[in-house]
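Let's take a walk through this model together, starting from one small spot and working outwards. Keep the structure open as you read.

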Amino acid sequence: MIKIGIITGSTRDSRVNIQVAEWVKSIADKRTDVEFELVDIKDYNLPRYNESVPAIMTQDYQTPEAHPWSKKISELDGFVFVTPEYNKAVTSGLKDAIDYLYVEWNNKAAGIVSYGSTLGVTAANNLRLILTVPAVATVRTQPAFSLFTDFENMSTFKPAPFHEETVQNMLNEVVAWSTALKTIRN
Ligand SMILES: Cc1cc2nc3c(=O)[nH]c(=O)nc-3n(C[C@H](O)[C@H](O)[C@H](O)COP(=O)(O)O)c2cc1C
């Protein structure tokens with residue numbers, strides 16, 4: 001069975017990120033043909049990126065925390081990244097989590113869910129560009145939430161109902177591409 005990780009994109013204590021990620025997971029779990037797992041980058045306690053050799057050249061990671069992170073991403077066939085927008089980009093925590101690894105990401109598919117005061121779409125586009133080098137294929141459909149209309153008091157996630165269908169469409173694309181790409185991995 002295809003296994004898709006729903007990856008958080010913020011690590012700060014007061015983040016709204018986990019609410020969005022859990023909501024996406026609740027929709028994903030309505031499917032029975034695929035296994036979904038919430039993968040919280042905060043749980044991995046990755047320090048600021050500090051490897052001497054880039055992951056594209058070696059998997060001999062010197063940072064102890066990189067090993068469980070590597071194992072988790074290796075187990076997954078595809079991803080849904082749930083990202084906020086910080087100064088028009090993804091968070092440094094998510095960027096570091098991506099940078100720590102390379103082969104673990106290769107030839108897998110991803111959907112991107114974003115949020116922010118301007119829907120987080122610039123961060124989502126930033127993430128698409130970042131994912132080109134680790135060879136993650138990003139699907140077209142991109143759910144995007146407004147801090148002003150999809151959250152109460154910018155803190156409690158209350159998404160407009162139409163978003164559920166967009167998330168389902170995005171998941172269909174991620175599952176199709178994850179299934180296809182599995183056939184070209186060793
Ligand atoms: C450092 C920082 C920069 C931000 N920059 C943007 C931005 O460029 N665009 C935007 O739409 N929202 C921006 N925001 C607002 C965030 O989208 C909002 O705070 C959101 O709740 C952050 O996600 P999180 O709570 O899960 O960490 C910024 C927030 C922070 C903390």
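The side chains of Thr8 and Asp40 are joined by a polar contact of 2.8 Å. Please bear in mind that this is a predicted model. Thr8 also reaches a second partner: a polar atom of the Thr8 side chain lies 2.9 Å from the backbone nitrogen of Ile41. To place these contacts on the fold, look for strand 1, which covers residues 3–8 and contains Thr8. Is Thr8 buried or exposed? Its relative accessible area is 0%, and because the cut-off for a buried residue is under 20%, Thr8 counts as buried.

Now zoom out to the whole chain. It holds 5 helices and 8 strands, and if you follow the sequence from its start, they come in the order β-α-β-α-β-α-β-α-β-β-β-β-α. How does the radius of gyration of the chain compare with the globule rule? The chain has a radius of gyration of 16 Å, close to the 16 Å that the rule gives for 186 residues, so the chain is as compact as a globular protein of that length. Along the principal axes, the C-alpha atoms fill a box of roughly 45 × 35 × 25 Å. Buried residues make up 51% of the 186 in the chain.

For a contrast with Thr8, turn to Lys30. You will find Lys30 in the loop that links helix 1 (17–28) to strand 2 (35–39). With a relative accessibility of 56%, Lys30 counts as exposed, because the threshold for that class is over 50%. The Lys30 side chain still has a polar partner, as it makes a contact of 2.8 Å with the side chain of Glu164. Gly120, by comparison, is 90 residues from Lys30 along the chain, and the C-alpha atoms of the two are separated by 26 Å.

Next comes helix 5, residues 163–182. Does its length suit its residue count, or what span should you expect? At 1.5 Å a residue, the 20 residues of helix 5 should span 28 Å, and its end C-alpha atoms are 28 Å apart, which agrees. Several residues of helix 5 are buried, among them His163, Val167, Met170, Val174 and Leu181. Leu171 is another residue of helix 5, and it is buried too, with a relative accessible area of 1%. In space, the C-alpha atom of Leu171 is 9.9 Å from that of Ile112, although 59 residues separate the two in sequence.

Finally, have a look at the ligand. Which residues come nearest to the ligand? Of the 15 residues around it, these are Ser10, Arg12, Tyr86, Asn87 and Tyr115. Sorted by class, the shell comprises 5 nonpolar, 6 polar and 4 charged residues. Glu85 places a polar side-chain atom 2.9 Å from a nitrogen atom of the ligand. The backbone takes part as well: a polar backbone atom of Ser117 is 2.8 Å from an oxygen atom of the ligand, and a polar backbone atom of Thr118 is 3.0 Å from a ligand oxygen atom. On its own, the ligand has 610 Å² of accessible area, and the protein covers 77% of it.

Notes: Residues numbered from 1 in each chain as written. Predicted model: local features only at pLDDT ≥ 70, side-chain atom pairs only at ≥ 80, totals over all residues. Heavy atoms only, no water. Helix = DSSP H or I, 4+ residues; strand = E, 2+ residues; numbered from the N terminus. Expected span 1.5 Å × (residues − 1). Buried < 20%, exposed > 50% of the residue type's maximum accessible area, 1.4 Å probe, protein only. Near = heavy atom within 4 Å. Polar contact = N/O pair within 3.5 Å; in protein donor to acceptor, adjacent residues only side chain to side chain. Areas by Shrake-Rupley, 256 points an atom, 1.4 Å probe, with all protein chains shown as cover. Nonpolar A, V, L, I, M, F, W, Y, C, P; charged D, E, K, R; others polar. Rg over C-alpha atoms; globule rule 2.2 N^0.38 Å.
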